[in-house]
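Here's a friendly walk through this chain. Take a look at the picture, then read on.

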Amino acid sequence: MSVVKINVLTVPAEQREVLEKRFASRAHAVENSDGFEWFELLRPVEGTDQYLVYTRWRDEASFQAWMEGPMKAAHQGGATEGDRPKPAASGATLWTFDVVQQAAPKNA
């Protein structure tokens with residue numbers, strides 16, 4: 001089955017809009033990647049300043065290929081170190097999960 005990657009981003013309140021706009025401006029950047037299955041950006045509602053970036057991949061190799069190619073290019077954007085905007089997140093942790101069970105809604 002699939003592999004899930006959850007990037008946990010610590011985002012100060014004053015940077016939330018910046019983070020969301022950056023993701024919106026890169027919308028569709030991952031969708032054509034081989035092995036990509038799903039993406040969601042989850043905004044915290046209460047009790048935390050951590051956003052979750054959820055992606056699901058066919059396998060680990062597909063994720064790694066995206067990380068080394070399209071993702072790296074999207075984050076570098078051809079800019080030199082001094083030209084890049086300051087990160088919106090103050091910290092990040094990557095979690096990895098194997099999907100062992102899944103369910104979809106039954107047709108009514």
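## The sheet

In this predicted model, 4 strands make up an open sheet, ordered β2-β3-β1-β4, with antiparallel pairing. At the edges sit β2 (36-42) and β4 (91-98), each pairing on one side only. Ignoring direction, neighbouring strands are turned by 15 degrees against each other on average. Two strands pair if DSSP finds at least two bridges between them; β1 and β4 share 8 bridges, in the antiparallel sense. One detail there: isoleucine 6 has tryptophan 95 in β4 as its bridge partner.

## The whole chain

Along the sequence you'll read β-α-β-β-α-β, which adds up to 2 helices and 4 strands. These are DSSP runs, numbered from the N terminus: helices are H or I with at least four residues, strands are E with at least two.

Helix α1 (residues 16-25) lies across β1, β2 and β3 (50-57), at about 20 degrees to β3. Axes here are lines fitted to C-alpha atoms, for helices over the stretch in contact (heavy atoms within 4.5 Å), and angles run from 0 to 180 degrees between N-to-C directions.

## Asparagine 7

Now for a spot in strand β1 (residues 3-10): asparagine 7. Its relative accessible area is 26%, so asparagine 7 is partly exposed (buried is under 20%, exposed over 50%, partly exposed in between, with a 1.4 Å probe and protein chains only). Leaving aside neighbours within four places in sequence, asparagine 7 touches Tyr51, Leu52, Val53, Ala92, Thr93 and Leu94.

## Small print

Residues count from 1 along each chain as its sequence is written, and side-chain values use heavy atoms, without hydrogens and water. Local features need pLDDT of at least 70 and side-chain atom pairs 80 or more, while totals for chains, interfaces and linings use all residues.
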